[in-house]
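Good morning, and thank you for the opportunity to speak. I would ask you to look at the structure on the screen before I begin.

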Amino acid sequence: MSGNIRRSIIRFLPLIFAVSAVIFAAATMQASAGGALFSISQSASNRVVLGQDGSILVSAEPGGRISVLDLATGLERASLQGDSGSIVTELAISPDGNKLASVAAGVLTIWDIRSGRQREISATDPQGGGVRGLVFGSDGRILAGIEGNTRIVVWDVASGSEKLVFSPVDGPVSDIALSPDGSMLASGHADGRIALWNLDENAPEILSGHSSVVWSLQFRQDGDTFVSASDDATIILWNTSSREPIDSILGHRGPIWSIALSPDGTHLASASNDQQVKIWNLAERELPKTLRGHAGSVSSVEVRGNQVASSSHDG
């Protein structure tokens with residue numbers, strides 16, 4: 001890939017009054033405009049995440065710098081400087097917006113956004129695959145991530161120590177998600193299987209439904225349902241208790257890289273290799289609203305507060 005290719009084009013789509021209003025707005029928007037409020041281009045990093053309440057955007061820049069942007073004012077709220085010779089490959093924000101986890105040069109760092117203080121964790125990675133897939137627990141006390149290809153670690157945020165280590169089923173781990181109550185972890189795998197881990201046990205339950213890599217997982221806030229998206233261009237809604245599929249969703253014309261649920265769990269945003277973001281009404285089972293604005297594969301999507309953000313490797 002050429003170094004001149006612009007990466008991480010972030011487009012914000014307005015959610016007015018409620019998520020259902022975004023469906024109406026999306027239906028009336030011009031496809032060429034995409035409802036974008038503004039966009040951000042970066043030349044060397046595709047790591048951009050939104051805070052839980054949609055008030056801040058955190059982006060990794062060349063030279064190891066991490067910028068925290070206040071979306072209400074457009075001003076930089078904080079600047080965090082890591083190793084100037086490294087590239088930040090992962091970012092995650094705690095639910096309260098006070099802590100940030102980043103990975104650069106294989107080292108996991110937990111930052112206090114307000115003070116700029118940092119704690120480096122020398123992550124064990126015998127396979128040399130780095131640390132990825134970071135996700136905070138709902139109370140911000142734990143952080144989970146994938147080391148290498150087959151090791152899942154849960155860290156204590158306050159101390160930086162490892163609390164739990166899982167060695168998953170055969171096949172590389174592609175994504176993980178924590179349940180809202182912090183009692184369960186779901187892992188997606190390259191062979192299309194999903195493993196559900198009880199954090200008090202070390203033997204997962206295995207679910208089959210996809211025919212290819214599971215790229216994205218997310219639990220609904222009530223914990224009763226979780227959603228998976230795959231390279232096979234399908235989305236599956238699962239019943240957490242019964243471990244059975246509730247519904248399958250089709251509509252994208254290529255692999256689905258990322259999914260995000262609205263806070264009330266009634267709508268789902270999906271990002272795909274087909275250059276589209278789709279908004280699905282899970283309550284009414286209506287046809288999705290398609291949001292176009294990227295010129296390349298859409299690699300991630302997030303729903304935070306009253307905003308939706310998508311990132312892409314646009315050329």
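**A sheet, a core and two pockets**

I begin with one pair of residues: Glu-147 stands opposite Arg-151 in strand 12. Please bear in mind throughout that this is a predicted model. The pair belongs to a longer match, since strand 11, residues 142-147, and strand 12, residues 151-156, run antiparallel and are joined by 6 bridges.

These strands sit in an open sheet of 4 strands, ordered 10-11-12-13 and paired antiparallel. Strand 10 (131-136) and strand 13 (162-166) are at the edges with a single partner strand each, so one side of each has no neighbour in the sheet. From one strand to the next, the twist averages 20°.

I turn now to the pockets. The largest pocket has a volume of about 1500 Å³. Its lining comprises 50 residues, and those nearest its centre are Leu-134, Val-135, Asp-175, Leu-217 and Arg-304. Among the elements that give two or more residues to this lining are strand 10, strand 14 (173-178) and strand 18 (214-219). Which strand gives the most to the lining of the largest pocket? That is strand 26, with 6 residues. By class, this lining has 24 nonpolar, 19 polar and 7 charged residues.

The second largest pocket has a volume of about 200 Å³. It is lined by 15 residues, with Gly-82, Asp-83, Ser-86, Ala-104 and Thr-109 nearest its centre.

Finally, the largest nonpolar core has 15 residues, and Val-58, Ile-66 and Leu-100 are among those with the most contacts inside it. Strand 3 (56-60), strand 4 (65-70) and strand 7 (99-104) are among the elements giving two or more residues to this core.

Technical notes: Residues numbered from 1 in each chain as written. Predicted model: local features only at pLDDT ≥ 70, side-chain atom pairs only at ≥ 80, totals over all residues. Heavy atoms only, no water. Pairing = 2+ DSSP bridges. Axes fitted to C-alpha atoms, helices over the stretch in contact; angles between N-to-C directions. Core = buried A, V, L, I, M, F, W, Y, C linked by side-chain atoms within 4.5 Å. Buried < 20%, exposed > 50% of the residue type's maximum accessible area, 1.4 Å probe, protein only. 1 Å grid on protein atoms, 1.4 Å probe; cavity = no way out; pocket = protein on both sides within 12 Å on 5 of 7 lines; lining within 4 Å. Points joined across faces, edges and corners; volume = space filled by probe spheres on them. Nonpolar A, V, L, I, M, F, W, Y, C, P; charged D, E, K, R; others polar.
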